[in-house]
Structure formats: C-alpha cells, structure tokens
Amino acid sequence: MKKIYLLAVSTLIGASAMAQVSVTFRVDMNGQTVSPDGVHVAGNWQAAAGYPGDWDPSTSELTDADTDGIYELTVTLAPGDYQYKYINGNAWGSDENQLPPIVTTGGNRIFAITQWHGTVNSDVPPTNPDGEFVLPAVQFNQAAPAGLVPVRLEIDMANETVSEQGVHVAGAFILANNNPWTPAYGTCSNVSSTRYAYVAYTTPGTYSYKFINGDNWGEPSESVGGPCSDGGTNRQIVVDASGATMPVACYGSCDPCSEPNVTFIVNLSEACTINPGGGHIAGEFNGWSGQPMTDIGSGLYSISMTLDAGTYNFKFQNGQGGWESNVTGSCAAGDGNRQVVVATPGEIVTYGPYCLGNCESDCTAPLPAADVTFRVDMGAETVSPDGVWLMGNFTVPTWQDGAVQLTDGNSDGIYEVTVNICGPAFFEYKYVNGSVSNTANEEFTGLVEQLFCLIPNGQGGWNRFYTRSGEPEVLPDVPFNECGIFSTQNLFLGDVRVFPNPSNGVSFIELENPNSHSLRMSIVDITGKMVRENMLINSNRYEIKTGNLSPGLYFLNVVNERNERAVYKLMVN
C-alpha cells in the first residue's frame, strides 16, 4: 500500500527557533506475528528527525527491549503537526491498512506537539515533569490501546483568529502525566484549513471537555450552552464500547459555523502606547478570556463572530489583559462593561468603532505623560512583610501583573511611589497590603455599598479613580481601605450634597461654603473630556441640568479663586 497523507508538516510556533521535543512512538504487537524484518514507523516527521526522507517504511525501526510486546522508538522533533502509521515489516503493503476514520486524517494517525511538551516543568501548572511526549501504545492496525476506545474531538475555527500557540482541548479523559484538564497537553492537529482535531483514548462513559484558543486557561476558552453542553459551560460527549466522534461544531457553539453576524471594532489611537499584542476582546461569549482582534489600520482593531440572539457584556483590551476602564454611555451595560444586543437570530450588528473606556468614536489625543505620586496612610494597618503595592489600569502590564511597590522612607506611616502615567486622563487604581496575587489583600474587598471615592470595576469589586491633568501631581495621602480626605482635595466647602444621584434630568449641588469662596464648576466625563466649564456657583444650591448628557459617570470639579479644588461624582441615567 502506498503512503497516504493530507498535510505537510505545519509548525504551530516558529519551530526552527524552538527547543526540540522528545517523542516516543509506541505500538502494541501482542497478538501479531512480528515480521522478521522488524516493526517500523513512517510519517511526515522522519526527515525532521534525521532520517533520509519522509514516509520511508524501512528506516525508522522500533524495538521491544523488555519483551512485553510494546515496540518503541524515541526521536526528537520540532513543534508541529505530524502524521504517521506503523509497519509490520519494512515495506509498504505490510503497513496498517484497516484504521478507522475516527483515529485518522487521510488514512494516517495524527498527533501535534508544542514547545511545552519538551519543557521540563514540575513546579508551575500545567505540569510536564518528564519534558517529553509519549504516544499511547495503540494496537497494531486497530483504533486504540488495549482496553480503551477512541474519541475524536474536532472543532471548526472558521470564525476565530487562531492563537499562535494553536488550538488545544482539555478534559477529564485527556491526561498530561495523569493530570487531567491540562490545556497545554491536548494540542489539536490542523486537519483542514479551519478544522482542528484531537484523538484521545478512554473507557466508555460520559465526559466533559472544552476547547481553548491557545494553550492555557488564560487564553480564550469556550463557554458552551445548549444540547452539546454538560449543563455548565463545558462540552459533553458520551463514549460507548465502540468509541465516539464529536460532530464538527463551530468554536463556542453546538452548531456548524455560519457566517459571522457581529463585528466589534475598537479604536486604540488614544492609548499612549498600543500593546504589541494589539486589540483584544473579552466577554460572556468567550469566557472573559482576551481574544485577539485583527489590526485594520489607523489604530483600529476588529473581530467578527457568530452570536445567537441575546445580550452580551464584554470589554476591550489593549493587549491581552490590558483592560479598559469602566465604560459609560449608550454602548455600555451600566456596570462598567460594554454591552451588545443581538435582537433576532442572525441579525447583522456592527459595534463600534469606539475608543477605550467610552462610547465615542472620535478619540481625543492622549494627555502628555506626567509623574503622579501616590500616597497611602498605613498607620492604622499591620503592614504585610510582602509590602504595600499599587496596581491600576495605567501600568504596563495592567493591574496585578504590573503592580509597583510603595515605600516609607521616613517611617511616618505614609507609603509613596511615583509613576509616570501616559494615556487617557481618567484612570483607576487601588492599594494592596501584601501579595497582589491574593485578592483578600486588596482594599475594599467585599464592599457592598459604594463610597464616594470608589467606582465599580464591572467584575463585582471596587476601584479608586482619578482624572489627571497632564502635569506632575502629588495625590493627598488617604487611609488604606478608606476614602479619607480625597473628596475635598484641599478645598473646604463644609457639608456638600449632590442630589438626586443618579440624575434623571436635573440634579443639584448643595454646599455650605463657610469661607465664602468664589466658586466655579466644570463637568468632566470619565475619559477626562470637558463637557461643561466655568459655571459660576453664586448660591448655596446650584442646579445641574443633565438632560443632554449621555448616561454614565461624570465628575464635578469645583475650584475657588486660589485654584484649590474639590471633586464630586455624579451618575446620569
């Protein structure tokens, strides 16, 4: 029988620059009369492994050193997609010729590896302590190893931008060194232009699994509902005594891929620096995992996907994990997230282009970069030996991964750090007493009632916020986990009320102003854009008309004749 193959080797990640992976081929010859010419394996990997050429049935011989009937051969290969088949002898015609489609592509067995398979890593999950890839000992000319049945999982990525790390699958029956649910282990083979497949071996039963667009849980993973799900967000497959084949479905769906009907566009031109990873999107439709978007020029990034009728919350990112700040306006959900509505099945929807953090399409140029000094009073706290930290959406990378440590040089209990901030005027942040990897160390954890210095983060928590001027600034020191004096910012106006808040058309600011300051007020939106300015406050109660303001969060900046300032928050419905 002549060799049959569908695809040439295709590397999953720049293989030539990657470390080689130790790959062990194994075939169970028990029950077979082994040819005196030996047992061989041939495939599209042989030249890469140092043999004279690919698909040569006579050069790659397996041996059975312990005489258990399992013949083995270990080679080193670069990351990529591979095909192979075993030969009981050393010539075509004695090769496996009865393999069922469930375990083959183009008549050949398949497997795929990435650099992870060759990396010895026993400390950080996903673990791979052996640093090698060992193929299951399948029975010669049969579908699966003895005592097991095959399962073929295949997914269509037609509507996705496939990660450079490839497509992976994780589940209880896909074992990495006996460690289930390890995405990096289940590397799928690219079996057609948009389809990816993985062959596993297990016992009959009902199993949950899901695909990942990447190789770890930080990458976009499916969130599947409907008839193919396990009742949660995973897929489910029932395996009987003959095995099982998953009907080819579209990534994130139980149905075959259809034409994308929702297009998202984000404008990153106002960002001080566009992350090398470009625009990403994370929401209810991809498990809140950052999914890469396509660069379409002029700072715009786009992605199209197929979404069923429904309402979906999401956010854009400047690079994976580079979350935009809380979003306000007509395109927002009201909790800091964005929202898109697909009213009817198949409805064509274009969302955007919108700038980061708002519903505007005309992005303002970023403010000049400037130093901002943050100060937090830890006098009432037991300071963790792990230190006091600042994290926010202005660091690179954002939040925990880019956290910076504050210090108390003069031992007065006030911890400080100066950060050069570039990009939008408005930013969010919070302090952490101890390791930033433990959310229990953050300020305002579990807070149920919003304070005036906080803004909901859209994830069920709270952040501090500030609108910078573009000039160097030193923020007042605030007590850890409290708002402190931050509301007045050096301007004392006595008792101040802003009501009703949220506003439905008209609100009032009521203040004592015991020192009879001459006061003017400006209104700034969440992006730092001035929407009204220099309004003279000449009485103790001032009317604020909000009917022509878009829904969202605004800041009332009140200044006196000495340019001392107080800031108050107003929500508009």
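Pro500 sits in the loop that connects strand 35 (496-499) with strand 36 (506-511). The peptide bond leading into Pro500 from Phe499 is cis, and its omega is near -20°. This is a predicted model, and the values below are computed from it.

**Overall make-up**

The protein has 41 strands and zero helices. Of its 573 residues, 52% are buried. Among contacts with a separation of 6 or more, 68% are between residues 24 or more positions apart. The exposed surface of the protein comes to about 24,300 Å², and carbon and sulfur atoms supply 48% of that area.

**Confidence**

The average pLDDT of the protein is 86, and 89% of the residues score at least 70. One stretch with pLDDT below 50 covers residues 122-127, which have 10 contacts in the model beyond near neighbours in sequence. Over residues 485-489 the pLDDT also stays under 50, and the model gives this stretch 17 contacts beyond four places in sequence.

**Backbone exceptions**

Most residues other than glycine have a negative phi, and most peptide bonds are trans. Besides the bond before Pro500, a cis peptide bond joins Gly352 and Pro353, with omega about 5°. Pro353 belongs to strand 25 (residues 349-355), whereas Pro500 is in a loop.

Asn141 has a positive phi, near 65°, although it is not a glycine. Its place is the loop between strand 9 (138-139) and strand 10 (149-156). Because its relative accessibility is 16%, Asn141 counts as buried. Ser411 is another residue other than glycine with a positive phi, near 55°. Ser411 is found in the loop between strand 28 (404-406) and strand 29 (414-423). With 63% relative accessibility, Ser411 counts as exposed.

**Nonpolar cores**

In soluble globular proteins, nonpolar side chains tend to be buried together. The largest nonpolar core here has 57 residues, and the members that touch the most others are Val23, Phe25, Phe111, Leu153, Phe211 and Ile237. Strand 13 (residues 195-202) contributes the most to this core, giving six residues. A second, separate core holds 23 residues, among them Leu268, Met305, Val349 and Leu356.

What is Phe25 in contact with, leaving aside its neighbours within four places in sequence? Its partners include the aromatic residues Trp45, Tyr71, Tyr84, Tyr86 and Phe111. Val41, Leu62, Leu73, Val75 and Leu135 are also in contact with Phe25, as is Glu72.

**Strand 14 and its partners**

How many of the nine residues in strand 14 (residues 205-213) are buried? Seven of them are, and the strand is mostly covered. Strand 14 runs antiparallel to strand 11 (residues 167-171), and five bridges join the two. One of the paired positions is Val167, whose bridge partner in strand 14 is Asn213. Strand 14 is also joined to strand 15 (residues 235-239) by five bridges, again antiparallel. Here Tyr207 has Ile237 as its bridge partner in strand 15. Ile237 also appears among the core residues that touch the most other members.

**Two open sheets of four strands**

One open sheet of four strands has the order 21-22-18-25, and its pairing is mixed. Strand 21 (294-297) and strand 25 are the edge strands, each pairing on one side only. From one strand to the next, the twist averages 25°. Strand 21 and strand 22 (residues 300-305) run antiparallel and are joined by three bridges. Asp295 stands opposite Tyr301, which is in strand 22. The edge strand 25 is the strand that contains Pro353.

The other open sheet has the order 20-19-23-24, with antiparallel pairing. Strand 20 (291-292) and strand 24 (338-342) each have a single partner strand, so one side of each is left without a neighbour in the sheet. Strand 19 (residues 279-283) and strand 23 (residues 310-318) are antiparallel and share five bridges. Gly283 has Phe314 of strand 23 as its bridge partner.

The strand pairs described above are listed here.

| Strand pair | Direction | Bridges |
|---|---|---|
| strand 11 and strand 14 | antiparallel | five bridges |
| strand 14 and strand 15 | antiparallel | five bridges |
| strand 21 and strand 22 | antiparallel | three bridges |
| strand 19 and strand 23 | antiparallel | five bridges |

Conventions. Residues are numbered from 1 along each chain as its sequence is written. This is a predicted model: local features need pLDDT of at least 70, side-chain atom pairs count only at pLDDT 80 or more; totals for chains, interfaces and linings use all residues. Side-chain values use heavy atoms; hydrogens and water are left out. Buried means under 20% relative accessible area, exposed over 50%, partly exposed in between (1.4 Å probe, protein chains only). Contact means heavy atoms within 4.5 Å. Accessible areas come from the Shrake-Rupley method with a 1.4 Å probe; for residues, only the protein chains shown count as cover. A nonpolar core is a set of buried Ala, Val, Leu, Ile, Met, Phe, Trp, Tyr and Cys residues joined through side-chain atoms within 4.5 Å. pLDDT is the predictor's confidence in each residue, from 0 to 100. Two strands pair if DSSP finds at least two bridges between them. Axes are lines fitted to C-alpha atoms, for helices over the stretch in contact, and angles run from 0 to 180 degrees between N-to-C directions.
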